[in-house]
Every structure is written in structure tokens, then in C-alpha cells.
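Grab a viewer and work through these exercises with the model open. Each one sets a task and then walks through a solution.

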Amino acid sequence: MDKIVIEGGVPLRGSVDVSGAKNAALPVLAAALLAEGEHEVRNVPDLADVRTLGKLLGHMGAEVARAEADRRTVRLRVPAAVTPEAPYELVKTMRASVLVLGPLLARWGKARVSLPGGCAIGARPIDQHLKALTALGAEIRLEHGYVNATVPRGRLRGTVFTFDAQTVTGTENVMMAAALAEGETVLRNCAREPEVKDLGDALVAMGALVEGAGTDEIWIEGVPSLRPLSHAVIPDRIEAGTFLVAGALPGNDVTVRGCVAAHQEALVEKLRAVGAEVTKVEGGLRVVGDGRPRPVDVRTAPHPGFPTDMQAQLMVLLCLADGTSRITETVFENRFMHVQELIRLGAHVEVDGRVAMVKGVPELSGAPVMASDLRASAALVLAGLAASGTTEVLRVYHLDRGYERIEEKLAPLGARIRRVRG
Ligand code: EPZ
């Protein structure tokens, strides 16, 4: 297993480019199942999770390959019929595989998709996905760890459905199902993340009739068929946010190019509250970490609230603040796995249920630490950059799920960071 070794305490200076959004690319690639033919998805990051979804689509009978001319472009050839199943071996490594469920039911009225199971950060149920698909006319049986779904009447039928919980992939799954359903669907209490809006734009480019994606109410008029996809996914706001936090660490000055300022409002508000200087520049945002951060309280929430995917990264900054901060994680039940590792680096953090009290210290000191999940591992890299001495982040396969060669992006900023193949 690879590890990342960092000699911390070196000021970061310069610009870094943001890749395409993992959490936009995954639903958009799944949406290709909705139409036979040759699809093109651009600005797709080269990540483990994207490769896993490509393997799954290949298993189902689609041909998936990166374009020679531009490695960020993925081309897919989707046949008239596919094997409508997502096996446990693939789904267990990437729960977003559940996103093939909606397209399979919409196009072929049949799907056998492994239940994703839980993960490090929480139970991650998909009850809302299944409830909504049932409302659209799917018949769903859970057997031997699989979702066995059929559409007895042949074609899904539009309906009005209100989610009990705001779910990003739940909203996305049902949008894709409704796109080919008969009649009108109104979805309420939808997730409002920018990646949901991006999927809506991709579906409209395929000929779907979708309005309101990115708001909490989405209207869809089903159509008989869709045309192949041609779409560029949005920049990754969480990768961008991770680099913005790097810029806010004491003594750093980082320009994040290609990030969408409108996607960063909740984070930028917190970075300014801790005392970082954030300015809009040509094509991105510049962050200067001016001295020791001030403490700030934060509460994660669905978009447009503070993103849960940025909680671990912000905690690193608050570990260095000149006071105590309260971090409340309202979205997932176990998303403080990074805390014990930050304590090994000298942080003072106490967790009580969904609340972490972070008592700032003047500096962190390097040590070997263990990644546990994707965003926790990004936080450990940030901590290593800020700590004095050497930090080794182990199990970086977690990191590679959502960050495209992060060490190659940070090194030009002056970071003394390298990957050791294990
Ligand atoms: C998406 O996961 C993201 N993944 C996650 O990013 C992100 O943390 C999460 O949204 C929240 O923003 C992708 O988009 C591929 P949810 P998702 O369904 O859709 C509950 C990363 O680091 N819930 O919005 O699985 C659930 O338990 C990953 O890139 C139900 O109760 O998250 C959770 O408490 C991690 N029933 C809350 O909703 C359901 O049917 C939000 O989950 C579905 C969800």
C-alpha cells in the first residue's frame, strides 16, 4: 500500500488547478445508460472511483475508454441491451455504483444491484432511493444482499414524491429514472448540491425535460427516449475547498484555479471568519493564511450549508487556532475518524457524539498517521503540511479515490511531499 511522506512547516506559494468533480462525473457517467450510442463526458478526473464505475459499466456491456487526445475525456459506447446488474464485488468498493439502479429501471425495467452496505463514515442507507423508485412503479425485493427490481407494467410512471431526507445520490438516481418514465414527476425536498444541478444539465443535453435541478423541487416530464450524452462536468468543489484550506494555513498563499466561487460560499465565509484573506482572482480564488487562525464554530449541513465533505479539512485549520472551536457533524454519524490521528500530531480535540470541541494549539508535530476515509485522508495531508517534522500518511488508497495525484499538485506550491510505493 502506498504512503505519502511530508516534511511539514514549509510555506506554500503559487497556483493549483482543480480537476473535474468526482461527485458530478459518477452520476453523469451512469446517465449514459439512458441512451444507446456513443457518449462523451469531458473534464472527468482520473480517480479510483471513476475507474471502478467504468469497470462496472464495462461489466454491464458498455465500452468505456479515455480519449487518446485528451485523457480527461471519457468515451462510452452503450449497446441496445446491457446486463442489468451491479455485483457485490464492485459495489462494495464504491457505493455510488447504486447510481446505475435508476437508469436500468428507466431503460430496461429490470435491475439487480448489490446493496452498498455501510462505510467508515456511516450506515449510508438507500431507503429513500428505493422508496422513490417504488413510487415510480418499480417493484423492489431485497434478497441475499441485492436489490432485485422490476417494473411490472413495463415502463415507470411519473409521480409526486417528497424525500424524507435530502439525499444527493438519491435525488440523482430518481431524476434519471423519471427522465424516461411516462408522464410528469415532481420531486420535493431534493438535494441542492451543484453536482445535482450538473446532472440535470447533462440530462437536458440528452433531450430530457428537467427543471429545477439544484433546487429542492425538481420537475421532470418523461420522454420516450434520449440521445447520447455530450457534457463537461463541473470542477470539483471539494478538491478546490481542500486547496483553499491549504492556503489558509499560517504563512501560506495559494491560488486555486478553475474553482467556481459560487460553490465555495459556505467555506469562504468560515475561512474569512478565522482570519484568512480570500479574494476572487482571474479564474479562481486566492487564499492567504495571515498568522494564527481565530476559532470558529461550524455545523455541517446539506448544500448550501457547510459541506460535510469539508469538515475534516477545516478541523485541521481550527486545530491551530488561538482558541476553542465547536464542530457539529449533522450529516453522517461517524465522520470524526480523523480526530484520533490529528491527536497523534499534537491536536487537542474532544468528541462527544456529533460534536467535536477543538482546542487550538500553536503547532502540530509530524508523526505516522492512518487514513480511514477519503476526506479524513485529505485532512491528514493538510495537517502534515502544517506540522513541523515528518508526517507519513498510510493507506493513501483512500485518498486516491477522490484526489488526482494530490502530491503532484501540492509539490509545485513548495510542499515537500512524495509518494512512496508500498
Ligand atoms: C453524496 O453521498 C456524496 N457522494 C458524498 O461524498 C457526500 O458526503 C454526501 O453526498 C453528502 O453531501 C457522491 O455524490 C458520490 P446522501 P450520498 O445520500 O448521496 C441519509 C465524498 O467524500 N440517507 O446525501 O451517499 C444518509 O444516511 C463522498 O466524496 C438516508 O437516510 O449521501 C446521510 O445521513 C462521501 N437514506 C444523509 O442522508 C437514503 O436513502 C446524506 O446522505 C440516502 C441517504
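**Exercise 1. Map the shell around the ligand.**

Task: find how many residues surround the ligand, and which are closest.

Step 1. Count the residues near the ligand, where near means that a heavy atom of the residue lies within 4 Å of it. You should get 20, with Gln128, Thr167, Thr169, Asp309 and Val331 as the closest.

Step 2. A word on the ground rules. This is a predicted model, with residues numbered from 1 along each chain as its sequence is written. Local features need pLDDT of at least 70, side-chain atom pairs count only at pLDDT 80 or more, totals for chains, interfaces and linings use all residues, and side-chain values use heavy atoms, with hydrogens and water left out.

Step 3. Sort the shell by type: it splits into 7 nonpolar, 7 polar and 6 charged residues. Here Ala, Val, Leu, Ile, Met, Phe, Trp, Tyr, Cys and Pro are nonpolar, Asp, Glu, Lys and Arg are charged, and the others, Gly among them, are polar.

**Exercise 2. Pick out polar contacts and cover.**

Task: which atoms of asparagine 23, glutamine 128 and aspartate 309 face a ligand oxygen?

Step 1. Use the cut-off for a polar contact, a pair of N or O atoms within 3.5 Å.

Step 2. At asparagine 23, a side-chain N or O atom sits 3.0 Å from a ligand oxygen. For glutamine 128 the partner is a polar backbone atom, 2.7 Å from an oxygen of the ligand. At aspartate 309, a side-chain N or O atom is 2.6 Å from a ligand oxygen.

Step 3. Now check the cover: on its own the ligand has 830 Å² of accessible area, and the protein covers 86% of that. The areas come from the Shrake-Rupley method with a 1.4 Å probe.

Step 4. Look for elements giving two or more residues to the shell: these are α1 (22-31), α5 (127-135), α6 (168-179) and α12 (374-386). Helices (H or I, at least four residues) and strands (E, at least two) are DSSP runs, numbered from the N terminus. The largest share, 3 residues, comes from α5.

**Exercise 3. Place the ligand among the domains.**

Task: why does the ligand lie between domain 1 and domain 2?

Step 1. Locate domain 1 (3-19 + 235-420) and domain 2 (22-232); the bounds come from an automatic or database domain assignment.

Step 2. Both domains give residues to the shell, so the ligand lies between them.

**Exercise 4. Trace the strands.**

Task: what is the strand order in the open sheet that contains β3?

Step 1. Count two strands as paired if DSSP finds at least two bridges between them. The 4 strands then run β4-β5-β3-β14, with mixed pairing.

Step 2. At the edges are β4 (63-66) and β14 (230-232), each pairing on one side only.

Step 3. Follow β3 (residues 37-42): it pairs with β14 in the parallel sense over 3 bridges, and arginine 42 stands opposite alanine 232 in β14.

Step 4. Try another open sheet of 4 strands, ordered β22-β23-β1-β24, again with mixed pairing. In it, β1 (residues 3-7) and β23 (residues 390-394) are antiparallel over 4 bridges, with valine 5 opposite glutamate 392.

**Exercise 5. Spot the backbone oddities.**

Task: where do you find a cis peptide bond, and where a positive phi?

Step 1. The bond from histidine 303 to proline 304 is cis, with omega near 10 degrees. Proline 304 lies in the loop between β18 (298-299) and α10 (311-318).

Step 2. Asparagine 43 is not a glycine, yet has a positive phi of about 60 degrees; look for asparagine 43 in the loop between β3 and α2 (48-60).

Step 3. In the hairpin of β20 and β21, with 2 residues between the strands, glycine 353 has a positive phi near 65 degrees.

Technical notes:
A residue is near a molecule or strand if one of its heavy atoms lies within 4 Å of it. A polar contact is a pair of N or O atoms within 3.5 Å; within protein, one must be able to donate a hydrogen and the other to accept it, and residues adjacent in sequence count only if both atoms are side-chain atoms.
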